[in-house]
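Ready for some practice in reading a protein model? Keep the viewer open and try each task yourself before you read its solution.

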Amino acid sequence: MIGSYIKTSVRNLMRNKMFSLINIVGLAISMSVGLLLIAFVVDLRSYDRFHKNGERIYRITNILTSSRDQENRFASTSIKTGELIRDKVTGVDEVATIRTDFSQDAKVGDNILPIRGLWAESSLFRIFTFPMLEGNPDTALEDPYSIVLTETAAKKLFGNEPALGKVIRFDTLDYQVTGIMKDVPPFSHISFEALVSLATARLMNRSDKNFEKWTTMWSNQVYLLLSENAGIASVQSQLHQIATEENLNEEDTRIQLELLPLYNIVVGEELRSGSMSGSVNPHVSPVVLWILGGLALVVLLSACFNYTNLSVARAMYRFKEVGLRKAIGAGKSQILQQFLTEAVMISLSALVFSYFIFLVLRPQLINIAPEL
């Protein structure tokens with residue numbers, strides 16, 4: 001019986017090619033747009049989910065109040081903040097500070113290539129899940145002028161030759177490759193090709209008294225890995241105490257520290273960033289996700305309404321067919337099943353077509369990264 005319904009439906013669809021084409025193409029385009037919007041929302045929600053201890057990772061938010069009583073929230077904070085947390089705060093397993101102002105060309109032999117890098121500490125590997133392929137992650141970024149490359153960066157600089165232990169020149173200084181790590185996954189809010197030891201930046205700025213000052217918050221970001229049983233309120237209270245003590249030495253500036261969960265960095269509260277804070281993190285407001293989800297629903301509902309209108313309009317020309325079917329003994333349920341079979345076939349055809357459109361367009365959509 002089902003085979004008969006399918007054969008009859010195919011004949012009807014082929015007999016009305018224009019109607020079938022309009023319905024299938026219209027549904028397919030709408031479905032593909034809906035799939036793209038849904039995929040975009042899912043991708044945004046997937047940021048940083050690959051980290052093993054993601055639920056316990058937090059970034060420090062700086063709440064800066066100036067002499068004009070203007071309060072601004074920043075993704076960046078000072079290097080001193082990281083050191084104070086490491087020394088004074090209980091309930092924190094690891095602290096890692098990164099600095100985002102590393103921007104130099106790497107010279108290897110006669111080749112000069114741009115490298116996107118960050119100043120970082122070895123503790124970064126104990127907080128985030130960035131697997132090391134060669135070298136010791138616990139010591140790779142301890143010494144000055146040490147650098148860890150991603151797989152892609154190592155091949156870009158050294159080809160198929162082993163990169164571990166080799167020397168890269170930045171400006172007039174030589175850096176030794178102390179580790180090779182896997183490429184950073186695409187859905188990571190931290191993106192880089194190389195990590196350079198933060199000890200190098202400290203050494204280069206040893207004569208700058210403001211480099212590790214409490215209020216020198218630009219270009220630095222501090223991440224924490226909380227203990228499994230640590231209380232968020234307790235850690236936040238200790239951060240408040242640190243800020244209160246340090247603010248006593250400042251006249252016109254007051255800084256408060258706040259914990260921001262890792263999963264709320266890309267999709268969460270908007271923080272001020274840019275050239276001063278040096279943030280490299282993408283960000284999108286949660287409202288945008290609701291808007292995208294609403295748009296997907298509107299597009300799909302519009303396609304359904306369009307299909308319904310066309311089908312209702314065409315039903316006027318099928319009265320004769322329905323009467324003939326009843327005359328030869330077809331019941332209401334059989335006629336209903338026949339029409340439902342046709343609707344299912346149109347919908348499935350549109351779904352398959354929309355999936356191919358989705359596969360073609362999705363790589364282009366992935367390249368549209370949210371900017372902080």
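Below are five exercises with worked solutions. One thing to keep in mind throughout is that this is a predicted model.

**Exercise 1. An enclosed strand**

Task: Find strand E1 (residues 57-65) and work out how many of its residues are buried.

Solution:
- Step 1. Recall the cut-off: a residue is buried when its relative accessible area is under 20%.
- Step 2. Apply this cut-off along the strand. In E1, 9 of the 9 residues are buried, so the strand is largely enclosed by the rest of the structure.
- Step 3. Sort the residues by face. In a regular strand the side chains alternate between the two faces of the sheet.
- Step 4. On one side of E1 you find Ile57, Arg59, Thr61, Ile63 and Thr65, and on the other Tyr58, Ile60, Asn62 and Leu64; all of them are buried, and both faces are covered.

**Exercise 2. The partners of two strands**

Task: Which strands does E1 join through 3 bridges, 8 bridges and 4 bridges? Then do a similar job for E9, looking at its pairing with E6, E7 and E8.

Solution:
- Step 1. Begin with E11: 3 bridges join it to E1, and the two run antiparallel. Here Ile57 has Leu225 of E11 as its bridge partner.
- Step 2. Go on to strand E12 (residues 254-261), which is joined to E1 by 8 bridges and runs antiparallel to it. Thr61 faces Glu258 of E12, standing opposite it.
- Step 3. Finish E1 with strand E2 (residues 71-74), an antiparallel partner through 4 bridges. Opposite Ile63 stands Arg73 in E2.
- Step 4. Now take E9. Its 2 bridges to E6 are antiparallel, and Met132 stands opposite Met181 in E9.
- Step 5. Check the direction of strand E7 (residues 146-150): it runs parallel to E9, with 5 bridges between them. Leu149 has Ile180 as its bridge partner in E9.
- Step 6. Strand E8 (residues 167-170) pairs with E9 in the antiparallel sense over 4 bridges, and Phe170 stands opposite Leu173 in E9. E8 and E9 form a hairpin with 2 residues between them.

**Exercise 3. Two unusual backbone angles**

Task: Look at the phi angles of Asp48 and Asp171. Is Asp48 buried or exposed, and is Asp171 buried or exposed?

Solution:
- Step 1. Start from the usual case: most residues other than glycine have a negative phi.
- Step 2. Asp48 is not a glycine, yet its phi is positive, about 65 degrees. For Asp171, phi is also positive, near 60 degrees.
- Step 3. Locate them. Asp48 lies in the loop between helix H2 (17-45) and E1, while Asp171 lies in the loop between E8 and E9.
- Step 4. Compare accessibility with the cut-offs, under 20% for buried and over 50% for exposed. Asp48 has 0% relative accessibility, so it counts as buried. Asp171 has 64%, so it counts as exposed.

**Exercise 4. Aromatic rings that meet**

Task: The structure holds 11 aromatic pairs. Why does the pair of Phe128 and Tyr223 tie together parts that are far along the sequence from each other?

Solution:
- Step 1. Describe the geometry: Phe128 and Tyr223 are edge-to-face, 5.1 Å centre to centre, with 75 degrees between the planes.
- Step 2. Place both rings. Phe128 is in the loop between helix H4 (124-127) and strand E6 (132-134), and Tyr223 is in strand E11 (residues 220-226), so the pair ties together parts 95 residues apart in sequence.
- Step 3. Check burial: Phe128 has 3% relative accessibility and is buried, and Tyr223 is buried at 0%.
- Step 4. Turn to Phe130 and Phe192, an edge-to-face pair with 5.6 Å centre to centre and 90 degrees between the planes. This pair links parts of the chain 62 residues apart.
- Step 5. Put the rings together: Phe50, Phe128, Phe130, Phe192 and Tyr223 form one aromatic cluster.

**Exercise 5. A cavity and its lining**

Task: Which residues line the second largest cavity?

Solution:
- Step 1. Search the whole structure: there are 2 cavities of 30 Å³ or more. The second largest has a volume of about 30 Å³.
- Step 2. List its lining: Leu44, Arg45, Tyr47, Arg49, Tyr263, Val266 and Val267.
- Step 3. Sort by class: 5 are nonpolar, none polar and 2 charged.
- Step 4. Look at Arg49 again: it lies over the face of Tyr263, at 3.9 Å from the ring centre.

Definitions and conventions
Residues are numbered from 1 along each chain as its sequence is written. This is a predicted model: local features need pLDDT of at least 70, side-chain atom pairs count only at pLDDT 80 or more; totals for chains, interfaces and linings use all residues. Side-chain values use heavy atoms; hydrogens and water are left out. On a 1 Å grid over the protein atoms alone, a cavity is a set of points where a 1.4 Å probe fits but cannot get out, and a pocket is an open set with protein on both sides within 12 Å along at least five of seven lines; lining residues have an atom within 4 Å of a point. Grid points are joined across faces, edges and corners, and a volume is the space filled by probe spheres set on the points. Ala, Val, Leu, Ile, Met, Phe, Trp, Tyr, Cys and Pro count as nonpolar, Asp, Glu, Lys and Arg as charged, and the others, Gly among them, as polar. Rings of Phe, Tyr and Trp (its six-membered ring) pair if their centres lie within 6.5 Å; planes under 30 degrees apart count as stacked, over 60 as edge-to-face and the rest as tilted. Buried means under 20% relative accessible area, exposed over 50%, partly exposed in between (1.4 Å probe, protein chains only). A charge sits over a ring if NZ of Lys or CZ of Arg is within 6 Å of the ring centre and within 35 degrees of the ring normal. Two strands pair if DSSP finds at least two bridges between them.
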